[in-house]
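Good morning, and thank you for coming. I would like to walk you through one structure, taking a few of its features in turn.

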Amino acid sequence: MSEKRTTLQMEKDKPFRILQLTDIHIGGYIFTNKEDKQALNDIKLIVENAKPDFIAVTGDAAYPMPFWPKPFFSGSLNNLKASKKFGSLMESFNIPWAFVFGNHDCETWSFYNKDKLSDYYESLDNCLFQRGECFDKDRGNYCIKLLNADGSINNLLMFLDSNSYLGKMFFSGFDVIHDEQIEWYKKVVLENTKDGAMPPSLAFFHIPPKEFRDAWEKCYRGDPSVTYHLGYIQEKDNYVGYPKTKESNFFSEMVKLGSCKGMFFGHDHLSTMSLSYKGIRMTYGMGIDHLAYKGIKKRHGQRGGTIITIQPDGTFDVSLLPLEDLQGISYYKTKMDN
Ligand SMILES: [Fe+2]
């Protein structure tokens, strides 16, 4: 296997476009052929329209869940087959892309562990995934340096495995980004700090931090410490799927460090909101999922891609690329009226 590329370079005086994709949920089985095809076609349409310089995938490409929410829903435990369906399409674009694991990619009973899936993602030519620094069960903590045209660092793109469950199963509660991973993040930032100038960084991972929920609560109460940018929370009762039973130090340590300016995640498929809180812009990527949520096939407003436009001065903005815009409003209306 050839050495993995760890840098991306911007063109002079031109912004750099990152497309975030999340929660693809490929079942990889005969029962999910239709949904898998729809998900892959959606991605194709989004990528063709977005024309990104780079694609960041924030987890749950595979969905090896055979028994929930209804019998044989996904039907397969073969998470490598599902990952390959997704990875093959991504490779066909010939655009560099990165991937982090979500909680579903390696479900409890799935056939392949994260090391086996890492072997696959590392073997792909355009995929910049690296097993990176591994501390426990996490795989895929790595940094891609986004360089300016003159070779200086524009931003560090930090990919983190936000882990899966505290126990062995889905209902045991979500895990957090561990302290060792936070230390690794700080170490990378400090290694790239020259003459006291700390580079800005953007973090990509799967499970949202508790502080997103805190910020959203403050936001809808009109607290001026939070800036609302775009999107919505459409999960029932304003649900945010952050880890409820374990404290995470990730957000607070990032605020103290001062390098991280943006966090991008998925996990809650109906949410697309972007908020700024304590100097960090937190954004739910638009999801793809046609399989995991009950009734998701008939819901469309949440589906699409998220565009992160980075300027030569290192600042960035976020915009949405809703799939229903690409497919035309008639598609949306027809589906909603049925
Ligand atoms: Fe998901």
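I shall speak about salt bridges, then about a pair of helices, and lastly about two loop residues. Please keep in mind that the model before you is predicted.

Let me begin with the salt bridges. A search of the whole structure finds 19 of them. I have chosen three pairs and one network for today.

The first pair on my list is Lys85 with Asp36, whose closest N and O atoms are 3.3 Å apart. Lys85 belongs to helix α2, which covers residues 79–92, and Asp36 belongs to helix α1, residues 33–50, so this bridge ties together parts that are 49 residues apart in sequence. Are the two partners buried or exposed? Lys85 is partly exposed, its relative accessible area being 26%. Asp36, on the other hand, is buried, with a value of 0%.

The next pair is Lys114 and Asp161, where the closest N and O atoms lie 2.7 Å apart. Here Lys114 is in helix α3, residues 114–123, while Asp161 sits in the loop between β6 (153–159) and α4 (179–191), so the bridge joins parts that are 47 residues apart in sequence. Both Lys114 and Asp161 are buried.

The third pair takes us to Lys186 and Glu253, whose side chains meet in a salt bridge at 2.7 Å from N to O. This pair links distant parts of the chain, as Lys186 is in helix α4 and Glu253 is in helix α6 (residues 250–257), 67 residues apart. Lys186 has a relative accessibility of 18% and counts as buried. Glu253 is likewise buried, with a relative accessible area of 17%.

Salt bridges also form a network in this model. Which residues does that network link? They are Asp115, Asp119, Glu122, Arg131 and Arg139.

I turn now to helices α1 and α2, which we met through Lys85 and Asp36. How do these two helices pack? Their axes are 11 Å apart, and the angle between α1 and α2 is about 25 degrees. Angles under 35 degrees count as roughly parallel, so α1 is described as roughly parallel to α2. The crossing of the two helices is right-handed.

If you look at the contact itself, α1 contributes Asn33, Asp36, Leu40, Ile43 and Lys44, and these meet Lys85, Phe86, Leu89 and Met90 in α2. Sorted by class, the contact of α1 with α2 has five nonpolar residues, one polar residue and three charged residues. Both members of our opening salt bridge, Asp36 and Lys85, are therefore found among the residues of this contact.

My last topic is the backbone. Most residues other than glycine have a negative phi. Two residues in this model call for attention on that point.

Asn238 is not a glycine, yet its phi is positive, at about 60 degrees. It is located in the loop between β8 (226–230) and α6. Asn238 is partly exposed, with a relative accessible area of 27%.

Lys278, also not a glycine, has a positive phi of about 55 degrees. Where does Lys278 lie? Its place is the loop between β10 (274–277) and β11 (280–284). With a relative accessible area of 52%, Lys278 is exposed.

That concludes my presentation, and I thank you for your attention.

Note on methods: Residues are numbered from 1 along each chain as its sequence is written. This is a predicted model: local features need pLDDT of at least 70, side-chain atom pairs count only at pLDDT 80 or more; totals for chains, interfaces and linings use all residues. Side-chain values use heavy atoms; hydrogens and water are left out. A salt bridge is a side-chain nitrogen of Lys or Arg within 4 Å of a carboxyl oxygen of Asp or Glu. Helices (H or I, at least four residues) and strands (E, at least two) are DSSP runs, numbered from the N terminus. Buried means under 20% relative accessible area, exposed over 50%, partly exposed in between (1.4 Å probe, protein chains only). Axes are lines fitted to C-alpha atoms, for helices over the stretch in contact, and angles run from 0 to 180 degrees between N-to-C directions. Angles under 35 degrees count as roughly parallel, over 145 as roughly antiparallel, 65 to 115 as roughly perpendicular and the rest as oblique. A crossing is left-handed if the near helix is turned anticlockwise from the far one by less than a right angle, and right-handed if clockwise. Contact means heavy atoms within 4.5 Å. Ala, Val, Leu, Ile, Met, Phe, Trp, Tyr, Cys and Pro count as nonpolar, Asp, Glu, Lys and Arg as charged, and the others, Gly among them, as polar.
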